[in-house]
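Here's a quick tour of the packing in this one, from the core out to the chain contact and then down to a single helix pair. Have the structure open while you read.

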Amino acid sequence: MLEVLHQLAGGFLHVLTPVNFSALVVGLVVGMLVAVLPGLTLVMGVVLALPFTYGMSITPSIILLTAMYVSGTYGGAITSILFRIPGEPMDVPLLWDGYSMAHAGRPAQALGWTLFAALTGGLITATIMVTLAVPFAKVALTFDSPEYFAIVLFGFTSVVALGGGSMANAFISLFFGMLLSTVGVDEIYGVDRFTFGTEILRDGIGYLPVMVGAYGLGEVLVRLEQGFVSPPLAGDGRISTRIPSLAEAWKLRGTFARSSLVGVLCGIVPGAGATIASFVAYGVEGQYGKRRNQLGDGIPEGIVAPQVASTASVGGHMVPLLTLGIPGSGATAVILGAFLLHGVQPGPQIFQTQALLVYAIFASVFLGVIGMGLLGYFAIRPLVKVLYLPEAIVSVFVVLFCLIGAYSEHNNVSDLWMIVAFGVVGYLFERWRFPIAPMVLGCILGPVAETSYLTTMISYRNDWTVFFTRPVSGAVMVLTLIALLYPVFRGFRRRRHAVLAHP
Amino acid sequence: MSPRYRALLPYLLVLAGAVALTWSALHFEFTPRGDRPGPDVWPRAILALMIVTCVLRIGTLLRRRPVDDAGGTEEAAGDALAEDERDAAPRKRYPLLLATGIALTAAYVALLGTLGFFVDTVLYIGALIRTGRYRRWPVIVAVSLGGALFFMFVFMKVVYLSLPIGTPPFEAISLALMQLMGIR
């Protein structure tokens, strides 16, 4: 433990160097702005920031994106509470008690509870992240290709199963992403796969145009089809924040503990991101909270539970990302992309080869949470002003960032055509309710899954039972089956309840 | 088209694409190496799963009673987000705006090499903002010019990115602006 603390201290010093600290501050501000603007999702914001990291070294790049991720989990709460506009899906539960409290004439208290909850959830998750990461990495060092295949498969399955909505659509999205990753010249046999004789496809389809096109341009096209209709806003004269006293907060210790646990667990399980954490924590509060009957009437518990959980999920997500190289959400998929663009593969070895980088990331989460609190308290009025920008203007800039960002990777116009193509794909996905995250994860992790599967088949002479007979991979495969069967069981139970209610 | 057939459309398209790609995967040209899996194994496995998923989904949709079609997806029934969305009034759609937006973006990419980054971006920003139903012309002109200059400065001067300068006569505009900004 002393060794970890020593390394963490080094990480703090590294973050406090001018370049890294600037990246942290910029990331916090931009992340909060992105989360405040309803047209821009947090993942889209992180994607748009990615091209700016090409010219940077890896540490400030990852700090910038992580800081955006941390502060992005809080920014949307402000607009949910004040204007009933959830900046992100994870902020929807805040409409129920946060907006009710603000509507009842206590907006400063509502904002104060949210800020305190985000701060607490963030610090708890950062501590747990530092504590869990090293043991996780030590265990992961013993893994061979069957374990990696099983873990990637579990990641895919849980993203599909826990993502909400149609499982069939999520699976099709995932398979589409995995298929995209096979396009181009095969590395082992040197064979063209799905290139159809075109040079542009021989180089393969990178995950960057897929991510940027589907999340960025696709989302703008969806909103353009709706005519860029932003709801009218009330004046911002009332905006201020009143932080609750420690005595007030202590009364809600059970809510803080429950929601932190939900957030961290949802973070560690791939697929169950901040949105799921936020809804589950609100649901748990509705079942076990002392004042569960008053939930929805504008009580602090209804604000604290979803906010603590969504911020706490960030640290949980960082553990599998850093120790196994497996992202559990759209935002962490982009952060993984940044690692790969800089030639660093996250995994258990990173704790030995790039220890300073890892601990600088940990330290940046601690500092980011504190910075997010300060920014949320002091800069709330100017932050909310961005909501008054016309949506058409903001959207054009988003598209241009997407296009120039993709162009800057190879200075190649053909990448721009990829963006346009995947922008249309992203629009169709949104229109037909196919989730985009599984496609992006499939595109990024598809090659890892293929390589580990083929390596296992070669090493174990095509014996597929090895995935089930080795202890760790067998256990993970069982978890995968549970993740697959859980939604089926949930659907069956729901239908049974419906039949009993309306015979 | 009835709601049921409209719901089937994406799955039929994916199914057709998956079948065509499976045919393509069956014809990869390679020399097998012993009992090692070939380069076609993995894509074929993905495509098989995709086809099975589509067939199952199409079967489910065909078996569903018409009343379910109007009510949306059954999987979304317990999803809090979906419920929240369902409560809201259906949003009006403007397919013409969408088509114009896609056409403008495609035209922007196609003309980038000819017009150069600055001229192309000015035109694109102005046209897309106007397509987005924003009507204050002085703001549109100011944002178009200011935005293009901002992007040019940030990406060419700060990030050292080589953006297209276009062909004559547009090349002269790009070169003049680059000289003004001190970009070499």
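## The core

In this predicted model, the largest nonpolar core runs to 210 residues, and Val46(A), Val334(A) and Val440(A) have the most contacts inside it. Helix 6 of chain A (residues 107-140) puts in the largest share, 16 residues. Chain B is in on this too: its domain 1 (3-87) and domain 2 (95-181) both give residues to the core, so the core lies between those two domains.

Zooming in on Val334(A), and leaving out residues up to four places away in sequence, its contacts are Val43(A), Val46(A), Val47(A), Leu50(A), Leu65(A) and Met211(A).

## Where the chains meet

The contact between the chains draws 53 residues from chain A and 59 residues from chain B. On the chain A side, helices 8 (167-180), 10 (207-225), 19 (391-410), 20 (413-431), 21 (437-459) and 23 (471-501) each supply at least two residues. Helix 19 of chain A gives the most, with nine residues.

What's the chemical make-up of the side of chain A that touches chain B? That side splits into 35 nonpolar, 12 polar and six charged residues.

## Helix 5 against helix 6

Back in chain A, the axes of helix 5 (residues 92-103) and helix 6 come within 6 Å and cross at roughly 140 degrees. That angle makes helix 5 of chain A oblique to helix 6 of chain A.

Helix 5 of chain A brings Leu94(A), Gly98(A), Met101(A) and Ala102(A) to the meeting, while helix 6 of chain A brings Pro107(A), Gln109(A), Ala110(A) and Thr114(A). By class, the contact between these helices has five nonpolar, three polar and no charged residues.

Technical notes
Residues numbered from 1 in each chain as written. Chains lettered and ligands numbered in written order. Predicted model: local features only at pLDDT ≥ 70, side-chain atom pairs only at ≥ 80, totals over all residues. Core = buried A, V, L, I, M, F, W, Y, C linked by C-beta atoms within 7 Å. Buried ≥ 20, exposed ≤ 12 C-beta atoms within 10 Å, placed from the backbone. Helix = DSSP H or I, 4+ residues; strand = E, 2+ residues; numbered from the N terminus. Domains from an automatic or database assignment. Contact = placed C-beta atoms within 7 Å. Nonpolar A, V, L, I, M, F, W, Y, C, P; charged D, E, K, R; others polar. Axes fitted to C-alpha atoms, helices over the stretch in contact; angles between N-to-C directions. Parallel < 35°, antiparallel > 145°, perpendicular 65-115°, else oblique.
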